[in-house]
Amino acid sequence: MTSKTLLAALILAAAPLAAQAEGDPAAGEKSFRKCSACHQVGEGAKNKVGPVLNGVVGRAAATAPEFKYSKAMAEQGEAGLVWTAETLAEFIENPKKWMPGTKMAFPGIKKPEDRADLIAYLETLSDGADTAAEAAPAAAAPAEG
Ligand code: HEC
């Protein structure tokens, strides 16, 4: 009985998180200034300190052409890590904690709504028309772990 109650509580707790995944792209574009020191986006974007982020939502990790990823990121990509609204939110909250060994030297974005806005902005940069639609069900799905 206790574990059922706990499960119900977890599902209820996850629901608002999924709702927050729908952020405001305009606000996200402003927050992206924190990222643009290292990441370029848009037409003609090039890898800088960090890889180009066009189309990152729905993309397998560590697959930007010609970018030299850390061993940690490359291994996660090979292991099947895909950037969805959910995995992006976790990574951006605290990159080094979520992925020990990443060379993304960024302290993280602590406010859930700021992360949601940023991800909404990143979704507007997808190259493939369907990537955002594919990422959405993953974000809405109940937590696996
Ligand atoms: C100080 C430079 C720096 C800043 C600032 C920075 N990043 Fe990064 N980012 C990197 C580097 C370097 C990598 C490659 C990490 C690795 O290989 O471990 C990376 C990787 C990533 C990836 C994985 C991309 C892929 O192709 O798998 C995402 C997503 C990402 N960053 C998003 C962001 C967002 C969003 C922000 C702003 C909130 C941000 N980064 C800020 C340097 C930075």
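**Notebook: one chain and its ligand**

I began with Leu122, which touches Leu53, Val56, Val57 and Leu88 when residues up to four places away in sequence are not counted. I note here that the model is predicted.

**Entry on the core.** I next looked up the largest nonpolar core, which has 22 residues. Leu122 is among the members that touch the most others, and so are Val57 and Leu88. The remaining names I wrote down for this are Ile92, Leu118 and Ile119. I then asked which elements give two or more residues to this core. They are α4 and α6, the latter covering residues 112–124. The largest share comes from α6, with six residues. I added a general remark to the page: nonpolar side chains in soluble globular proteins tend to be buried together.

**Entry on the whole chain.** How many helices and strands does the chain have? I found seven helices and zero strands. Along the sequence the pattern reads α-α-α-α-α-α-α. The chain has 145 residues, and 28% of them are buried. I also looked at contacts between residues at least 6 apart in sequence. Of these contacts, 62% join residues at least 24 apart.

**Entry on the ligand.** I turned to the ligand and found 27 residues surrounding it. The closest are Cys35, Cys38, Gly50, Tyr69 and Ser70. Two elements, α3 and α4 (85–93), give two or more residues to this shell. I had already met α4 as a contributor to the core. How do the shell residues divide into nonpolar, polar and charged? I recorded 21 nonpolar, four polar and two charged.

**Entry on a loop.** Last, I went to the loop between α2 (25–31) and α3 (71–78), where Ala62 lies. Phi of Ala62 is near 65°, a positive value in a residue other than glycine. Glu66 has its place in the loop between α2 and α3 as well. For Glu66, phi is also near 65°, again positive and again not in a glycine.

I then checked burial for these two residues. Is Ala62 buried or exposed? Ala62 counts as buried because it has 20 C-beta neighbours inside 10 Å, and 20 or more is the cut-off for buried. Is Glu66 buried or exposed? Glu66 counts as exposed because it has 8 C-beta neighbours inside 10 Å, and the cut-off for exposed is 12 or fewer. I closed the page with both residues in the loop between α2 and α3, Ala62 marked as buried and Glu66 marked as exposed.

Notes. Residues are numbered from 1 along each chain as its sequence is written. This is a predicted model: local features need pLDDT of at least 70, side-chain atom pairs count only at pLDDT 80 or more; totals for chains, interfaces and linings use all residues. Helices (H or I, at least four residues) and strands (E, at least two) are DSSP runs, numbered from the N terminus. A residue is near a molecule or strand if its C-beta atom, placed from the backbone, lies within 6 Å of it. Ala, Val, Leu, Ile, Met, Phe, Trp, Tyr, Cys and Pro count as nonpolar, Asp, Glu, Lys and Arg as charged, and the others, Gly among them, as polar. Two residues are in contact if their C-beta atoms, placed from the backbone, lie within 7 Å. A nonpolar core is a set of buried Ala, Val, Leu, Ile, Met, Phe, Trp, Tyr and Cys residues joined through C-beta atoms within 7 Å.
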